[in-house]
Amino acid sequence: LGDTYRTLGNLSKAEELLGNSLKIYTSNSIKNKRGAGRVYSYLGRLYRDLGDYKRAIIFFEQSLAIYD
């Protein structure tokens, strides 16, 4: 849902939803690494779209570390 809001241009809503998703996927009760990796990638896209390339790289690297 967060990535869809990003695509629609509602970047603040996308950031909110992706942040919530990341908290869920990284919580102790779930620990879903693949899900977290996907959210890191979406956050990388979001920050790239915002022009925050340094932050985008951080999230892309976190995603890559999970899938590598």
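**Entry 1. Salt bridges**

I take a salt bridge to be a side-chain nitrogen of Lys or Arg within 4 Å of a carboxyl oxygen of Asp or Glu. With that in hand I searched the model, which is predicted, and found 5 salt bridges in the structure. My reason for looking is general: side chains of opposite charge can pair when their charged atoms come close.

I began with Asp3. Its side chain meets that of Arg6 in a salt bridge, at 2.8 Å from N to O. I then checked where the two sit along the chain. Both belong to helix α1, which covers residues 2-8, and because they are 3 residues apart there, about one helical turn separates them. Asp3 and Arg6 are both buried.

Asp3 has a further partner, Arg45, and here the N to O distance is 3.5 Å. Asp3 lies in helix α1 while Arg45 lies in helix α3 (residues 33-49), so this pair ties together parts that are 42 residues apart in sequence. I looked up the accessibility of each. Asp3 has a relative accessibility of 15% and counts as buried, because the limit for that label is under 20%. Arg45, with a relative accessible area of 29%, is partly exposed.

**Entry 2. Arg6 and the network**

I went back to Arg6 and asked which residue of helix α3 it pairs with. The partner is Asp49, and the closest N and O atoms of this salt bridge are 2.6 Å apart. Asp49 is in helix α3 and Arg6 in helix α1, so the bridge ties together parts 43 residues apart in sequence. Asp49 is partly exposed at 36% relative accessibility, whereas Arg6 is buried at 14%. I then followed the shared partners: Asp3, Arg6, Arg45, Arg48 and Asp49 are joined by salt bridges into one network.

I also listed what Arg6 touches, leaving aside neighbours within four places in sequence. Its contacts are Leu11, Ala14, Tyr42, Arg45, Leu46, Arg48 and Asp49. Three members of the network, Arg45, Arg48 and Asp49, are therefore in this list.

**Entry 3. Leu11**

Leu11 was in the contact list of Arg6, and I looked it up next. I placed Leu11 in helix α2. Not counting residues up to four places away in sequence, Leu11 touches Arg6, Leu46 and Leu50. I also took its distance to Tyr47: the two are 36 residues apart in sequence, and their C-alpha atoms are 9.0 Å apart in space.

**Entry 4. The nonpolar core**

In soluble globular proteins, nonpolar side chains tend to be buried together. I looked for such a group here. The largest nonpolar core has 12 residues, including Leu11, Ala14, Leu18, Leu22, Tyr47, Ala56 and Phe59. I asked which helices each supply at least two residues of this core. They are α2 (11-26), α3 and α4. The largest share, 6 residues, comes from α3.

**Entry 5. Helix α4**

Helix α4 spans residues 53-67 and has 15 residues. From its first C-alpha to its last it reaches 21 Å, close to the 21 Å expected at 1.5 Å a residue.

I wanted to know which residues of α4 are buried. Ala56, Phe59 and Ser63 are. Seen down the helix axis, the buried residues fall within an arc of 70°, so they line one face of α4. On the other side of the helix, Lys54, Glu61, Leu64 and Ala65 are exposed. I then looked for what covers the buried residues, and the cover includes α3. Ala56 gives a case in detail: leaving aside its neighbours within four places in sequence, its contacts are Gly44, Tyr47 and Arg48.

**Entry 6. Aromatic rings**

I searched the whole structure for aromatic pairs and found 2. I noted the pair of Tyr47 and Phe59: the ring centres are 5.5 Å apart and the planes stand at 15°, so the pair is stacked. Tyr47 is in helix α3 and Phe59 in helix α4, and the pair links these distant parts of the chain, 12 residues apart. Tyr47 and Phe59 are both buried. Adding Tyr40, I get one aromatic cluster of Tyr40, Tyr47 and Phe59. Tyr40, Tyr47 and Phe59 also appear in the nonpolar core of Entry 4.

How values were computed. Residues are numbered from 1 along each chain as its sequence is written. This is a predicted model: local features need pLDDT of at least 70, side-chain atom pairs count only at pLDDT 80 or more; totals for chains, interfaces and linings use all residues. Side-chain values use heavy atoms; hydrogens and water are left out. Helices (H or I, at least four residues) and strands (E, at least two) are DSSP runs, numbered from the N terminus. Buried means under 20% relative accessible area, exposed over 50%, partly exposed in between (1.4 Å probe, protein chains only). Contact means heavy atoms within 4.5 Å. The expected span of a helix is 1.5 Å times one less than its number of residues. The arc is that of the directions from the helix axis to the C-beta atoms. A nonpolar core is a set of buried Ala, Val, Leu, Ile, Met, Phe, Trp, Tyr and Cys residues joined through side-chain atoms within 4.5 Å. Rings of Phe, Tyr and Trp (its six-membered ring) pair if their centres lie within 6.5 Å; planes under 30 degrees apart count as stacked, over 60 as edge-to-face and the rest as tilted.
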